[in-house]
Amino acid sequence: VTLIEQSDRILGKEDPDAADCVRRALERDGVTLLTDTHLVRVERTGPERRLALAAGSEPRTIAVDELLA
């Protein structure tokens, strides 16, 4: 599972310590967190789906099985 967040941290409206606690718990459970990351486009080639992302100034592409908005 990968969580993409546009902000520099998850739960941006919550207390930073609480958000950090949730972040650590998610990471312990195997969730990949990509913060400060924006979705550029969704690409589909046959059955394969990929997300084109912008993380800071670096482009990145990841393969996905499902996409939840």
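This passage describes the fold, strand pairing, largest pocket and selected residues of a predicted protein model.

The model is predicted, so local features were considered where pLDDT is at least 70 and side-chain atom pairs at pLDDT 80 or more, while totals for chains, interfaces and linings use all residues. Residues are numbered from 1 along each chain as its sequence is written, and side-chain values use heavy atoms, with hydrogens and water left out.

We may begin with the overall architecture. The protein comprises 1 helix and 5 strands (helices are DSSP runs of H or I with at least four residues, strands are runs of E with at least two, and both are numbered from the N terminus). Their order along the sequence is β-α-β-β-β-β. The C-alpha trace extends over about 40 × 25 × 20 Å along its principal axes. Of the 69 residues, 16% are classed as buried, where buried means under 20% relative accessible area, exposed over 50%, and partly exposed in between, for a 1.4 Å probe and protein chains only. Among contacts (heavy atoms within 4.5 Å) with a separation of 6 or more, 34% link residues 24 or more positions apart.

Next come the strand pairings, for which DSSP must find at least two bridges between two strands. Strands E3 and E4 run antiparallel and are joined by 8 bridges. In this pairing, histidine 38 faces alanine 54 of E4. The hairpin of E3 and E4 has 2 residues between its strands, and glycine 46 there adopts a positive phi near 60°. Strand E4 (residues 48-55) is also antiparallel to E5 (residues 58-64), with 7 bridges between them. Here arginine 50 is placed opposite alanine 63, and alanine 52 opposite threonine 61. E4 and E5 likewise make a hairpin with 2 residues between them, and glycine 56 in the turn has a positive phi of about 65°.

Positive phi values also occur at residues that are not glycines. Leucine 11 has one of about 50°; this residue sits in the loop between E1 and H1 and is partly exposed, with a relative accessible area of 39%. Aspartate 36 has a positive phi of about 55°. Its loop connects strand E2 (32-34) and E3, and aspartate 36 is partly exposed at 38% relative accessible area.

Threonine 37 follows in strand E3 (residues 37-45). Its relative accessible area is 3%, so threonine 37 counts as buried. Outside its neighbours within four places in sequence, threonine 37 touches Ile4, Glu5, Gln6, Leu53, Ala54 and Ala55. A polar atom of the threonine 37 side chain lies 2.9 Å from the backbone oxygen of threonine 35.

Helix H1 (residues 16-28) offers another view of accessibility, starting with aspartate 17. Aspartate 17 is exposed because its relative accessible area is 62%. Its C-alpha atom is 17 Å from that of glutamate 5, with the two residues 12 apart along the chain. Arginine 24 also belongs to helix H1 and, at 37% relative accessible area, is partly exposed. The C-alpha atoms of arginine 24 and threonine 37 are 18 Å apart, for a chain separation of 13 residues.

Finally, we turn to open space at the protein surface. Rolling a probe the size of a water molecule over the atoms shows where empty space is left. On a 1 Å grid over the protein atoms alone, a cavity is a set of points where a 1.4 Å probe fits but cannot get out, whereas a pocket is an open set with protein on both sides within 12 Å along at least five of seven lines; lining residues have an atom within 4 Å of a point. The largest pocket has a volume of about 420 Å³, taken as the space filled by probe spheres set on grid points that are joined across faces, edges and corners. It is lined by 13 residues, of which Thr2, Ile4, Leu51, Leu67 and Leu68 are the closest to its centre. Strand E1 (2-4) and E5 are the elements that each give two or more residues to this lining. By class, the lining holds 11 nonpolar, 1 polar and 1 charged residues (Ala, Val, Leu, Ile, Met, Phe, Trp, Tyr, Cys and Pro count as nonpolar, Asp, Glu, Lys and Arg as charged, and the others, Gly among them, as polar). Leucine 68 lies in the segment after E5 and counts as exposed, at 79% relative accessibility. The C-alpha atoms of leucine 68 and leucine 3 are separated by 9.8 Å, although these residues are 65 apart along the chain.

How values were computed
Polar contact = N/O pair within 3.5 Å; in protein donor to acceptor, adjacent residues only side chain to side chain.
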